[in-house]
Amino acid sequence: MAYLREIITEGHPTLRKVAKRVSLGEIADPIFQQLLDDMFETMYHAPGIGLAAPQVNISKRIFTVDLQDEDEAHGPLVVINPKFTVTEGEIEATEGCLSVPGMVGEMTRFEHVVCTGLDRHGKKIELDGVGLFGRCLQHEMDHLDGILYIDKAQNIRPAATDEEIAEAEAALTR
Ligand code: ZN
């Protein structure tokens, strides 16, 4: 069984902490595996395409991603102790966050990243991220370092147009 966890919002101190690395021993713990299941449940329910553990008040270096598109390389994925080994190019797009409900902003990100880390069984993984997937990896990584997109974004505003509301509340929120 997976359970919904509360998504904490801007102002909560956990969102501003640098999250702790996860040990291999911890990954084998059923309580840890339960957290991962709960994170997926919470992410899908929101709905969102990515969720970092600090957003459910767990200050550990873990995030889940599922773009919910046709490409199985885009999830469902768990990334533990992620690290970028490649960051290149620059691209701006509208971004929102489940922890900053109803708002959007223009955010410049790397155009391409390669992210390494561990999967839910502690096996090494490497993810190649461009487009929305690359953006999502960077957004979630920021959460692990206590950073919110509103710290760096331009023109932060309440989602107003249908497109922006969709960005803030549905498929493109993280
Ligand atoms: Zn977020």
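**View 1. The open sheet of three strands, β4-β5-β8.** In this predicted model, an open sheet of 3 strands follows the order β4-β5-β8 with antiparallel pairing (strands are DSSP runs of E with at least two residues, helices runs of H or I with at least four, both numbered from the N terminus; two strands pair if DSSP finds at least two bridges between them). Because β4 (91–97) and β8 (154–158) stand at the edges with a single partner strand each, one side of each has no neighbour in the sheet. β4 and β5 (residues 100–109) are joined in the antiparallel sense over 6 bridges, and Glu92 stands opposite Thr108 in β5.

**View 2. The salt bridge between Arg109 and Glu95.** The side chains of Arg109 and Glu95 meet in a salt bridge (2.6 Å, N to O), defined as a side-chain nitrogen of Lys or Arg within 4 Å of a carboxyl oxygen of Asp or Glu. Arg109 lies in strand β5 and Glu95 in strand β4, 14 residues apart. Arg109 counts as buried at 5% relative accessibility, and Glu95 counts as buried at 0% (buried means under 20% relative accessible area, exposed over 50%, partly exposed in between, with a 1.4 Å probe and protein chains only).

**View 3. The salt bridge between Arg61 and Asp145.** The closest N and O atoms of Arg61 and Asp145 are 2.9 Å apart. Arg61 is buried, with a relative accessible area of 10%, whereas Asp145 is partly exposed at 31%.

Residues are numbered from 1 along each chain as its sequence is written. Local features need pLDDT of at least 70, side-chain atom pairs count only at pLDDT 80 or more, and totals for chains, interfaces and linings use all residues, while side-chain values use heavy atoms, with hydrogens and water left out.
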